Structure formats: C-alpha cells, structure tokens
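I opened my notebook to record, step by step, what I looked up in this structure. The entries below follow the order in which I went through it.

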There are 2 protein chains.
Amino acid sequence: MITRMSSLFLRTLREDPADAEVPSHRLLVRAGYVRRAAPGGYSWLPLGLRVLRNIERVVREEMDAIGAQEIQFPALLPKEPYEVTGRWSEYGDTLFRIKDRKGADYLLGPTHEELFTLTVKGEYSSYKDYPVMLYQVQTKYRDEARPRAGVLRGREFVMKDSYSFDLDDEGLEASYQKHRAAYVKIFDRLGLDYVIVAATSGAMGGSASEEFLATAESGEDTYVRSTDSGYAANVEAVVTPAPPARSLEGLPEAQVHHTPDTPTIETLVDFLNGAGLGREFTAADTLKNVLVKTRMPGTKEWTLLGIGVPGDREVDMKRLEAALEPAEVALVEEADFTANPFLVKGYIGPGALQANGVRYLVDPRIVTGTAWVTGADKADHHVVDLVCGRDFTPDGTVEAAEVREGDASPDGNGTLVAARGIEIGHIFQLGRKYADAFELDALGPDSKPVRITMGSYGVGVSRLVAAIAEQHHDELGLVWPRAVSPADVHLVVAGKDDSVFEGGERIAAELSQRGVSVLFDDRTVSPGVKFADAELIGVPTIVVVGKGLAKGVVEVKDRATGERTEVDADAVVDHLTGLVHG
Amino acid sequence: MITRMSSLFLRTLREDPADAEVPSHRLLVRAGYVRRAAPGGYSWLPLGLRVLRNIERVVREEMDAIGAQEIQFPALLPKEPYEVTGRWSEYGDTLFRIKDRKGADYLLGPTHEELFTLTVKGEYSSYKDYPVMLYQVQTKYRDEARPRAGVLRGREFVMKDSYSFDLDDEGLEASYQKHRAAYVKIFDRLGLDYVIVAATSGAMGGSASEEFLATAESGEDTYVRSTDSGYAANVEAVVTPAPPARSLEGLPEAQVHHTPDTPTIETLVDFLNGAGLGREFTAADTLKNVLVKTRMPGTKEWTLLGIGVPGDREVDMKRLEAALEPAEVALVEEADFTANPFLVKGYIGPGALQANGVRYLVDPRIVTGTAWVTGADKADHHVVDLVCGRDFTPDGTVEAAEVREGDASPDGNGTLVAARGIEIGHIFQLGRKYADAFELDALGPDSKPVRITMGSYGVGVSRLVAAIAEQHHDELGLVWPRAVSPADVHLVVAGKDDSVFEGGERIAAELSQRGVSVLFDDRTVSPGVKFADAELIGVPTIVVVGKGLAKGVVEVKDRATGERTEVDADAVVDHLTGLVHG
C-alpha cells in the first residue's frame, strides 16, 4: 500500500497545542494523528486510526490465541442490569446517564460486566458448556472529572474487555494466568516498557488483581518497586512485613506519665527525652491511635474503628479504604467524641477502645512483645512500655500506615522506591460477585447448580497509542515501534528532477508489491519540510531518494538511532523488505 | 482458521423469537448471530460479528479504492456545532441528548456532517488541498420511535458515512459518481439484489440524490419502478409527465352551474352526468383545489398556498412536502377560513385564490388548453369548462398528486408498479449547506475565498447483515453469499468412530493451512442436530465426513442449491480450496 503525502488528509503543526501537558499529547496532535473534538473526545485522523487499528489487531490476535471469543455489545444500555448490581448509583457522576424519548433510563457503558454475565446466562446452562472466555473491543464512556493528556484519559475511549467464566477457583486461576500471559505478549509486541504490579493486598488470595503499568513520568498511577528485585505493587497493595513476635519475659511494666503540652508526636517525644527516663525515644516508639468509622454498603449505621500505627507514620486513607473494602470509611467528627465520652481526644489508648467494644486493628509491625508509648485515655497523660500481647491484644492487623521510599521490600529483597506509570492493562479475579447478582449457575454433573466464578481483564486500547508515544519519542517527534507504525517505510523524494520523482515512484511501487506499506512524500515542498515531517511522524525507517540516485544510491535512515546508511538503489527494495518482514 | 463448534459461543434455537416479524430477524436470532440487549440494541455474537466485519471490510476496500480516507470521530459530541446548523432542535426526539457532570449538553451522533465540515476547515485552507473524500465506519445513534426487525432498524447501528469536499459543482458531480460506482461494487460484491432509485425530483439538478434499496418484501421503503425499463424512484421523486399544451381555439366557454348537494367529487360527477350537459364526466375531468399553508424555517408567519390536482387523485402530503422543501407545510384550519372569507369551503376555484393574492400551483397534467370542472367560489356552485391558460393561469406546477400503479413511467417506457425495499445506501449532493453554516472556504488561486461544495454518502453497515439475510435464506435457515459468510466451509463429522473424527480433523487442518476458514462441527451430538444447525447457520459449503470415509469419499453440499456431490477424500481439500478461492 502506498499512501501519498500529496493527497493524505494530514497537516502537521509547527506549534505545540496550548492544552498539551505531556509529550504524547503534544506530538500526536502536532503530527496530525488526533484532533480534539470535545472535552475528553478525540477524532482519529488517518495516521492515528492506523496506529489504533494496529494495536487492536495485536490485541485481537493474542486474545484469539488463548481461545477467547470476540463478541460485541451495544454501548447504549438499559439501566436495569446496572441496578441489579448497584452500579447504576455506585458509579456516581462518572456514569453518562441518558433518557430515551419515552423517558426510560439508559447509560453509556463504562464496562460491561452485567452484559457479559447476562449473555452467558442466556446461552449456557450445563457444566459441559464451561469454561468460556469472551471479549470485545469497544468504545467505552466515562464522565471523568478531569479528562487529560489527549487520548491518555478521555471520556470516550476504546477498550478491550474480556471475561472468563469458570466452574471453580482452579479454572478461574487458569483463565487468569492465560490472560496474564497474553497481556505479556501483547505489551511485548507493542514495544512497551512496563511493570506488572500487585493491585490488591492479596486478601482475596494470591494474585487476585494485577495492573500492567507502562513506565512513564507522565503516568497518573504511582506504584512502588524494589531496588533489588522485580517486586512492584500499587501503594494500596503493599503488604507490610511483620517482624517476629518477641518474648514478653523481663519487659518493664507499663507506666502512666503526666505529659502536659504534648499535642503532637514530636512534642511528646521531646518531653519524654527530657523526662529523665534513661532512654532515648523516637516517633517510631510511639503508637498513634486514629479513630475512623465504617459501614457496609447498603447499611446506614456507622461503627467506630480504632487504627493503631507507629507514630512516625501517617494513616494512608487510600490504603485503609482498600484494606477495608467493600466497607465505606469516614473520619470521625466532633459529634462522635461527644457521643462517646470515653474517647479522650489526643490521648486515645487501646484500653478505652477495647473496654468499650470498639474494634482495634493495628499495623503489622505491632506484634507481640513490642513496647509502645501511647495515649493513657486521660487528658495530658501517656503510658510508656505498653506491651502488645501483654497489656493489650489487637483485634487484628490492617494495612493502613503510609508506605515510604526506603521501606523494606515485602519480598525481602532491597528497599522500595516510588515510580509512576500509565495503566494499560488490568487483570482481576472477580469471583462470584456478578454471578451472584444474576444467579449465573451451571447445572453440574450431579444436576445440582454450580455458581460460576469470573475473571475480568481490560486493555486500554486507545490509551495505548498515547502510552507507546510517551515511551517512543525524542525531541524531533514520534518514533514508532514497527508493530504499530502507520507505515513500514517513509519514502522522501528530495529534489526537483523528474528522474528523482520517477525513482521514488518506482521504489514505492516495488515496495508495495512486496507487501511493504509506504508513506510516500511526493509533495513539491522543500526537502527541509519533508525531513522535519518525517521525523515528526515517526515511521521507523526513512528512505531518502535524492541526488544520490544519479550515482545509484539512496539513503536509509533509522528513525530511532538516527543511523544513516547509503544503499544501492537497485538493492534498496530487498534491503527494506528484509528490514520490515525479516 | 478452524472454529470448533464444541467450544464456540453459540447456542442455536429451535423456536422463533416472539418479537421477530421478518425472516432475517427470526433467523439471525435462531442461528445465534445476534441477541437483543435493549430496545433497538443488539449484541453481536461470534458468528454475527464475523459477518459484520466481512461487510465492513468490503465497504472499506471500495472506499479506499476511490481514494476516500478513513478517519473516526467520537460518537459523543458537543451540542454547539449542531446548534450552528439547527440540527440540535430539528432532529427532535430522534436525537439522543445527554448532559455531562457539569451540565453541558451533548448528543450521540446520528450523522456527522458538522464534524466532517469542521475537521476539513481545521486542516485545509488552500484550493490546492482539494478535493478530498473522508469516511468513517462508526456506531450511530437515533432514538427511533419504532425500532423494529432486529438489526434492520436499530437505535444503535453501524454506518459508513463519507463526505466529499470539492471546489465546484463539476468536482462534486465527479465525487458523487465515484461513490455511486463504489456503491455498485460494494452491493454487487455482497450478493445483493438492489435498485437505485431517484430520491429527489431533480429540482436540485439531475441525480442530486439516489437511494440504493435492497429489494425485500419486508422493506420499510416503498418505491415505484417501471414495468418496462430500469426506471425506479421514491414516490416523492416521481416526476409527472406533462401532456403537451393544447390549442385554446374553439373551446366552449366556462359556465357556472348550480350544483346542490355535491360535497364530494363523486356526487359532483353524478350530478353533472344527470344534468343533461350532453357529455359524460369522470373524476379526472374535475380540478380539486386543496388549501395548505407554508412557512420557511426560522420564520413564524404562515402563508396560504393553493394546490390544484385532477379530482381523481388525492394530494400526497409527503410528495407535497418534498416538493416544497425546505418550507414547512400544514393543513389549513377552520380559523384560516374565518380569517379569509373569500375561501368558500368545498367550492374553492382558482379565481378567488389568485384574486386574493394566494399562490396557486397545479399538477403538471394541468396544462394550457385543458378544460376543468372546479369550484366557482360560491356555495353550491361549480364551473364547467374552466380552461387553463384562458380562464386561469397557475403560478407554477408542483408534484403533489398521488402516484398510482399503472401511471405512465416518467421515462416514457411502461407503467409504474409499487415495490418495497430496504435502504442500504444513500448518495446525496449536499451542496453548500454545511459549508455555508461553518464558512468552509478555500483560498483560490486568485486569493479569493471559494465556498466548498459537499456530497454525503452513507451505507447502513449493520443493516446490511439483515438485508443480505432477507434475500439469502430459505425455510431451513440462512444461505450466506461467500463474501460475507462467517466461514468458508462448514465441516460436519457424522459418526461416532474415532477414524471419522480423525478424518475430519485432518481435513480441517489442511483446509486451514490452505487459507480456507472452517466451521468445524466436532461436537458429540447426533448427525441430525448437526445437519439442522449447518442449514440454519448458512455457510455456503457444507462438507460431511461420515461413514463414506471408509470408502474414501466425503460429501460436499451446496447450501444454496442443495446439490450434493461425493468427492474423493484425498481430493476434497483441493476441491474446496478451488471453490473458495476461485
């Protein structure tokens, strides 16, 4: 295929668009791949659409290879199934809601769990029908509060979403691993540098959820990774290594001290270190008790919950919320203190909480045999040497303390550092949530119903265009990996002689016959404009047919390395065919 | 590619769906191609999606072949461009409107004229940029009052819409003809029986608008065609042949008659024939004057308009509206008679209308020298022998009279008969409507702006699945043309012996290696079930590997003709490869 620049619907821009924050957005607009059509809505121009389609093809090939079957749902969906699962309301403002001419409620699908589940229920009934994996490549809609960075976070975007349906947990694990392997292949083929991060703390079992993040400064997702190992995880998913329990033997007794004017951990530590206790205290020796309240979805009553973390760390509400999911978490208010006079603000200790029936969960570092300075449940008083397992026994542990760079990696190798990435894939063992909601059962060999268990797997297809561009560009423009490039070769005719144009035409025609797609710059503009456009557009191989042709040579340039090679004009078609198909 | 029925996400149905009115809907559901997901919203199951994709591929190939370039717009669009053209309100209830979280107005694109125009304006500026043709294959949304017949008329559907942008009328005509030729190729390749009907009466010039209708009993669109020629047109587009004008010489004078109790044409004709006038009258001798009122879009004032048609024909409001477009047309009300006392209800003649400044348009049959019985503008009185061109002179002609079977074909060959079809394509010379709305100009060679002229061309891609099924089925099921079939060959293993299964596996593998896609029925169900499913699914070639294999033969059945051939098992792969690849 030959695409002629002289008639291609493409106008490159010299200036960066005013609203572009990140390189991919800037370059995809400047090089004429996309245009903004609405807030969070982009038009794909010819070159952009080709990149998008190339990515879709890779995704489909790898989905088909693991036996997933492609189907397609409408985007405009009735409310009812989303009411059954509660997502009609849970999605909040992010859901685009719409009424039809009869006043019936519809939504624009943000994801299609409900439809996949109902469709399998509609077709399948016997255990012999399972397992099955289905997918679609479809336009999705989310009314993002802050659409940003071009196609990186749009309100209308293309996503591949697939679902697995299995009879048991082993089947789900196998389907999950198939998807995981397929995603590795997809992102490898697309030339991406990415990490697979644990996305849940593992409360639901091993690898219940993992995210594929393309490493990028501009990424919205933060994660931590180990300095020394392949460990990587969402901050919410980091599991704090618990130290071994210690012996209670010979530990000093707990002592309550009058600690006036110590409203903060810092002032408390200073006070203690000036109190002549014969020891040096740090914030890490204190136990900070934070009070929150929780309630389960669908209930109205809030319940108090005490959270104990080492005093040198803050409570990370996102980690706490992830740990307590699906419960809602809220901070306590003044009224809660008034209603519960046993809570002495600023001096809360484990004692009053547990004596009054408040559940008390602690950071995993707070193990039996560790001694703490903490509130004495009495204004202006703290207790020193309160020993876990002797003076108080927590109701359990919780991942609530902030994760910090320098923390030990949970896998025991190295320490954690923070990094940023773009979420390009997510694989998730959904379990039976949707099967329960719609009573998706298979009739087992014993004629008893077996509740199906599901996995959910997503790839951000249109976002991948931006993610790849984030990783593959330089100061001159885009530098596409071959698998997604809008053409195999960018052929530039540099010169005004008819013989040069004719030479270009001949090479383009021969390449096309050999199955090499050519972006052919046959315009009558200056070579400088053509070269600048070639660098900006980013096809991996640039061929320049110029005055060298008279001597029988053309120039082949590698867009990524900048390396230029003079190639015999008679051999260049073979040379390029080898580069592309070889 | 081999698709195994044992794991394919497909369950055929023995019963017709309760809501299916037409064969395509019934069979596409029964054979597991589509499932209803919402009113007017369908899910594409694996086989259906393949047919849809095959059609899309043919459409893209022919669009690319005429130099049209593919782009893609969002479906969720801001209100503003549609306000500029007035379509935000003109579309009425058919437009899905939506508010985002900030309360801003959006719509789901029913067609994308506005976006195409704005996009070309955004990229192009010089006359050297033109002409250009752009297209997209995209999901469209229309809140149809009565979605029906499965994917034949949905509220969410796939459409190919393209637009041409030219500097002048000759350019537009050339772009139009390119699209017309491409559409002929597309529908021929898809194996469709179709007619190209004139869709406007030609007031805008020659072939300003044509529709491609797939002939089908179940079609929603009615049209007329000639018994003897290739002439076909929408009823709105039929141009009435005007008889030649006649001499006024020697025609009897007009005479007013007292005609009591003649409220209808029939009673009038009876009265005249009993009045001893020495002639026989028929309804065709009377001139019926119908009063309507019109106003131009954006104006408030209604203006009276008189329409004269032969008394044996009704006024066809659809034809009248098409003829008067873009004006609105309404019937007169009692208040209009009260406000205009010169109008004598039931006895309106041309005289009072024209004397009072009411424009008077007549059917083309009413030419100079024709004599009519018509109202005398006086209760209970009619005038006989009122001669056109002598006693009254119309302000022009209008296509308002009903078209009837048996009318002479406008091309002079044969007579008209009515027929029904499914609109599968529409090509239309839009002209400068949208270019005017958005001031789409090119800077000409003389540095003066040239207003661009546009063409609009649509193919109903998802509807084509149903249209093809309407034409290609029998009582047993679907009968796909090869170009769109979900597989090349349906291979049925009929037997329980391992050797038969192994033979089937071997043939399937060899076919797949030769680039023949195989739907392989490797299930352990009875041969009867497999045969019934094969007929229902409708792959054009069915191969049965059964007990004949022991004797070295397999059966090849042509789904369309039912013809069965015994083929040597060793030769069957060559035989089928020849059938498929030609």
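**Notebook: two chains and their contact**

My starting point in this predicted model was a single pair of side chains, those of R35(A) and E123(B), which meet in a salt bridge with 2.6 Å from N to O. I then asked how many salt bridges the rule finds across the interface of chain B and chain A, and I noted eight. For polar contacts across this interface, I wrote down 26 residue pairs, with both residues at pLDDT 80 or more. Sorting by class the side of chain B that touches chain A, I listed 27 nonpolar, seven polar and 15 charged residues.

**Extent of the interface**

The size of an interface is often given as the accessible area lost when the parts come together, so I looked up that value next. Chain B and chain A bury about 4,500 Å² between them, and I noted that 55% of this area is on carbon and sulfur atoms. Which residues of chain B lose the most area to chain A? I found F9(B), R101(B) and E123(B), which together make up 18% of what that side buries; E123(B) is also the partner of R35(A) in the salt bridge I began with. Counting the residues in contact, I recorded 49 from chain B and 50 from chain A.

**Relation of the two copies**

I next looked at how chain B is superposed on chain A, and found a rotation of 180° with 0.1 Å of shift along its axis, at an RMSD of 0.2 Å. The two copies are therefore related as by a two-fold rotation axis. The surface used is the same in both copies, since 100% of the contact residues of chain B recur in chain A. Within chain B, I98(B) comes closest to the rotation axis, with its C-alpha at 2.8 Å.

**Cavities**

Finally, I looked for enclosed space and noted five cavities of 30 Å³ or more, the largest of which holds about 60 Å³. Its lining includes R148(A), E220(A), D221(A) and R463(A), and by class the lining residues divide into two nonpolar, one polar and six charged.

Technical notes
Residues are numbered from 1 along each chain as its sequence is written. Chains are lettered from A and ligands numbered from 1 in the order in which they are written. This is a predicted model: local features need pLDDT of at least 70, side-chain atom pairs count only at pLDDT 80 or more; totals for chains, interfaces and linings use all residues. Side-chain values use heavy atoms; hydrogens and water are left out. Contact means heavy atoms within 4.5 Å. Buried area is the accessible area (1.4 Å probe) that two parts lose on being put together, summed over both. A salt bridge is a side-chain nitrogen of Lys or Arg within 4 Å of a carboxyl oxygen of Asp or Glu. A polar contact is a pair of N or O atoms within 3.5 Å; within protein, one must be able to donate a hydrogen and the other to accept it, and residues adjacent in sequence count only if both atoms are side-chain atoms. Ala, Val, Leu, Ile, Met, Phe, Trp, Tyr, Cys and Pro count as nonpolar, Asp, Glu, Lys and Arg as charged, and the others, Gly among them, as polar. Copies are superposed by least squares on the C-alpha atoms of residues with pLDDT of at least 70 in both. On a 1 Å grid over the protein atoms alone, a cavity is a set of points where a 1.4 Å probe fits but cannot get out, and a pocket is an open set with protein on both sides within 12 Å along at least five of seven lines; lining residues have an atom within 4 Å of a point. Grid points are joined across faces, edges and corners, and a volume is the space filled by probe spheres set on the points.
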